[in-house]
Amino acid sequence: SLMGVIQLKKIDQIIIDRNNIRDMYIDELSNLGFVPQNIDNNVLFNCQSVVFKVPTAISRNKLIFFLRSRNIESTLGTYSMSSNSYYLKKYNKVCPSSRYLEKNTITLPCYEGLDPSHIIDEINSFHCQ
C-alpha cells in the first residue's frame, strides 16, 4: 500500500528516533533501578517497544494502573509462554526465568513523535509516593 511505501522511505529516521526515545528512558530511569532489555551494541535495533525490569521496590501492576490513570498506555513487558495452559499441559513445566520476567517487566510507549519526558516525570512521581 501507499502508506507502507511512505513509511519505508522514512524507516532509517524512524529507527533512529525510536532508539533515541529508548536512550532517554534508559538515561532517566536507570538511576531509579529500572533495568533495560539488553540489546547488543552490534545490533541495529528497530525499537518497537521499550521493555524494562521494574525495581523490586515498585509494584509493576500498580505502576501500569498509575500510568493508565495519567492517560499513558503501558503493559507487561513479556509473556511467559511456558505458563500458557497449552505448554503446561504438554510439558508440565514452567520456565522460572520467563515467569519472573512476565511478572516484573513493563513496556513503555515508543512511537514516532513521542517525547518521553512526560512519561519519565510521571514514573518519577509514582516512585516518590
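**Exercise 1. Identify which residues Ser30 touches in this predicted model, not counting residues up to four places away in sequence, and describe where Ser30 lies**.

Solution. Begin with the contacts: once residues up to four places away in sequence are set aside, Ser30 touches Tyr25 and Pro36. Next, place the residue in the fold, where Ser30 belongs to the loop between H2 and strand E1 (35–36). Then consider its cover: the relative accessible area of Ser30 is 33%, so the residue is classed as partly exposed, given that buried means under 20% and exposed over 50%. Finally, for a distance across the chain, the C-alpha atoms of Ser30 and Thr75 are separated by 19 Å, with these positions 45 residues apart along the chain.

**Exercise 2. Determine which residues form the negative surface patch, and which helix gives the largest share of this patch**.

Solution. The members of the patch are Asp23, Asp27, Glu28 and Asp121. Sorting them by element shows that helix H2 (residues 11–29) supplies the largest share, namely three residues. One of the patch members, Glu28, can be followed further: Glu28 is found in helix H2, and its relative accessibility of 41% makes Glu28 partly exposed. That value satisfies the requirement that patch residues have over 30% relative accessible area.

**Exercise 3. Find how many salt bridges a search of the whole structure gives, and work through each pair**.

Solution. The search finds three salt bridges. As background, side chains of opposite charge can pair when their charged atoms come close.

- Step one concerns Lys10 and Glu112, whose closest N and O atoms are 3.5 Å apart. This pair links distant parts of the chain, 102 residues apart, since Lys10 sits in the loop between helix H1 (2–9) and H2, whereas Glu112 sits in the loop between strand E4 (105–108) and helix H6 (117–127). Lys10 is partly exposed at 34% relative accessibility, and Glu112 is likewise partly exposed, with a relative accessible area of 41%.
- Step two concerns Arg70 and Glu122, where the closest N and O atoms are 3.2 Å apart. Because Arg70 lies in the loop between helix H3 (60–69) and strand E3 (75–76) while Glu122 lies in helix H6, the bridge ties together parts that are 52 residues apart in sequence. Arg70 has a relative accessible area of 36% and is therefore partly exposed, whereas Glu122, with 14%, is buried.
- Step three concerns Glu102 and Arg99, with the closest N and O atoms 2.5 Å apart. Both belong to helix H5 (residues 96–104), and because they are three residues apart, about one helical turn separates them. Glu102 is buried, its relative accessible area being 15%, while Arg99 is partly exposed at 31%.

**Exercise 4. Decide whether Arg18 is buried or exposed, and say which side chain of opposite charge is nearest**.

Solution. Arg18 is found in helix H2. Despite being buried, Arg18 has no salt bridge, and the nearest side chain of opposite charge is that of Glu112, 6.3 Å away. Glu112 has already appeared above as the partner of Lys10 in a salt bridge. To see what surrounds Arg18, leave aside its neighbours within four places in sequence: the residues then in contact with Arg18 are Asn46, Cys47, Gln48 and Cys110.

Methods. Residues are numbered from 1 along each chain as its sequence is written. This is a predicted model: local features need pLDDT of at least 70, side-chain atom pairs count only at pLDDT 80 or more; totals for chains, interfaces and linings use all residues. Side-chain values use heavy atoms; hydrogens and water are left out. Patches are made of residues with over 30% relative accessible area and no salt bridge: like charges are joined within 9 Å, nonpolar side chains (Val, Leu, Ile, Met, Phe, Trp, Tyr) within 5 Å. Accessible areas come from the Shrake-Rupley method with a 1.4 Å probe; for residues, only the protein chains shown count as cover. A salt bridge is a side-chain nitrogen of Lys or Arg within 4 Å of a carboxyl oxygen of Asp or Glu. Lys and Arg count as positive and Asp and Glu as negative; His and the chain ends are not counted. The place of a charge is taken as NZ of Lys, CZ of Arg, CG of Asp or CD of Glu. Helices (H or I, at least four residues) and strands (E, at least two) are DSSP runs, numbered from the N terminus. Buried means under 20% relative accessible area, exposed over 50%, partly exposed in between (1.4 Å probe, protein chains only). Contact means heavy atoms within 4.5 Å.
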